[in-house]
Amino acid sequence: MPVPLAPYPTPPVPFTPPANGAQSQLVCSGCRNLLMYPAGATSVCCAVCNSVTAVPPPGTEMAQLVCAGCHTLLMYIRGATSVQCSCCHTVNLALEANQVAHVNCGNCRMLLMYQYGARSVKCAVCNFVTSIGAAASVPEQKFSNS
């Protein structure tokens with residue numbers, strides 16, 4: 001007896017972005033997946049966890065940092081002084097570029113970044129603790145081939 005063939009399912013209609021093609025991204029407040037949304041949206045529903053994430057007002061500058069507790073990428077409104085991770089609840093200090101300084105490790109010469117006002121910084125490579133007072137006042141040395 002012949003087996004009847006089922007018709008192929010109709011393909012889903014592809015998503016067509018707005019005419020101007022403007023899309024933005026934000027991180028889901030529930031599962032931390034990256035969500036894309038069209039211009040003008042006020043909130044986005046995640047297809048994975050069904051959480052509704054509010055879209056920041058147009059023109060809001062966003063920044064990113066990596067959580068010190070669980071290493072999750074966090075997005076936050078630029079200018080915030082701290083950001084609480086929704087995964088591990090660690091409160092992370094949000095530093096702007098002008099609130100940090102750099103110094104070379106006193107042992108291995110690795111370039112280190114530290115918050116202004118710190119007295120010392122520990123190198124993550126060799127664990128040497130570099131004192132900021134003396135090291136920061138030494139000008140950067142330039143080497144030449146002569």
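Two strands count as paired if DSSP finds at least two bridges between them, and strands themselves are DSSP runs (E, at least two residues; helices are H or I, at least four), numbered from the N terminus. With that in hand, β1 and β2 pair in the antiparallel sense over 5 bridges. The model is a predicted one, so local features need pLDDT of at least 70 and side-chain atom pairs count only at pLDDT 80 or more, while totals for chains, interfaces and linings use all residues. Residues are numbered from 1 along each chain as its sequence is written, and side-chain values use heavy atoms, with hydrogens and water left out.

Overall, the chain has 12 strands and 1 helix, and the order from the N terminus on is β-β-β-β-β-β-β-β-β-β-β-β-α. Of its 146 residues, 21% are buried (buried is under 20% relative accessible area, exposed is over 50%, and partly exposed is in between, with a 1.4 Å probe and protein chains only). About 11000 Å² of the chain is exposed, and carbon and sulfur atoms supply 58% of that area; the areas come from the Shrake-Rupley method with a 1.4 Å probe, and for residues only the protein chains shown count as cover. Taking contacts (heavy atoms within 4.5 Å) between residues at least 6 apart in sequence, 15% join residues at least 24 apart.

Back to the β1 and β2 hairpin. There are 6 residues between the two strands, and Arg-32 in the turn has a positive phi of about 70°. Gln-23 stands opposite Pro-38 in β2. In a regular strand the side chains alternate between the two faces of the sheet. Along β2, Leu-35 and Tyr-37 point to one face and are buried, whereas Leu-34, Met-36 and Pro-38 point to the other and are not.

A second hairpin is made by β5 (residues 62-66) and β6 (residues 73-77), antiparallel and joined by 5 bridges. Val-66 has Leu-73 in β6 as its bridge partner. Here too 6 residues sit between the strands, and His-71 takes a positive phi near 65°. On β5, Ala-63 and Leu-65 make up the covered face, with Met-62, Gln-64 and Val-66 on the uncovered one.

Positive phi also turns up in loops. Most residues other than glycine have a negative phi. Asn-50, not a glycine, has a positive phi of about 65°; this residue is in the loop between β3 (43-45) and β4 and is exposed at 57% relative accessibility. His-89, also not a glycine, has a positive phi of about 70°. That histidine is found in the loop between β7 and β8 (91-93), and His-89 is exposed, at 53% relative accessibility.

Thr-130 lies in β12 (residues 129-131) and is buried, with a relative accessible area of 4%. The side chain of Thr-130 reaches the backbone nitrogen of Gly-106 at 2.9 Å. Cys-105 is 25 residues from Thr-130 in sequence, yet 6.0 Å away in space, C-alpha to C-alpha.

Finally, the largest pocket has a volume of about 490 Å³. A pocket is an open set of points on a 1 Å grid over the protein atoms alone, where a 1.4 Å probe fits, with protein on both sides within 12 Å along at least five of seven lines; lining residues have an atom within 4 Å of a point. The volume is the space filled by probe spheres set on the points, which are joined across faces, edges and corners. The lining holds 27 residues, with Leu-26, Ala-54, Val-55, Pro-56 and Met-62 nearest the centre. Elements giving two or more residues to this lining are β1 (23-27), β2 (34-38), β4 (52-54), β6 and β7 (82-84), and the largest share, 4 residues, comes from β1.

Key
A polar contact is a pair of N or O atoms within 3.5 Å; within protein, one must be able to donate a hydrogen and the other to accept it, and residues adjacent in sequence count only if both atoms are side-chain atoms.
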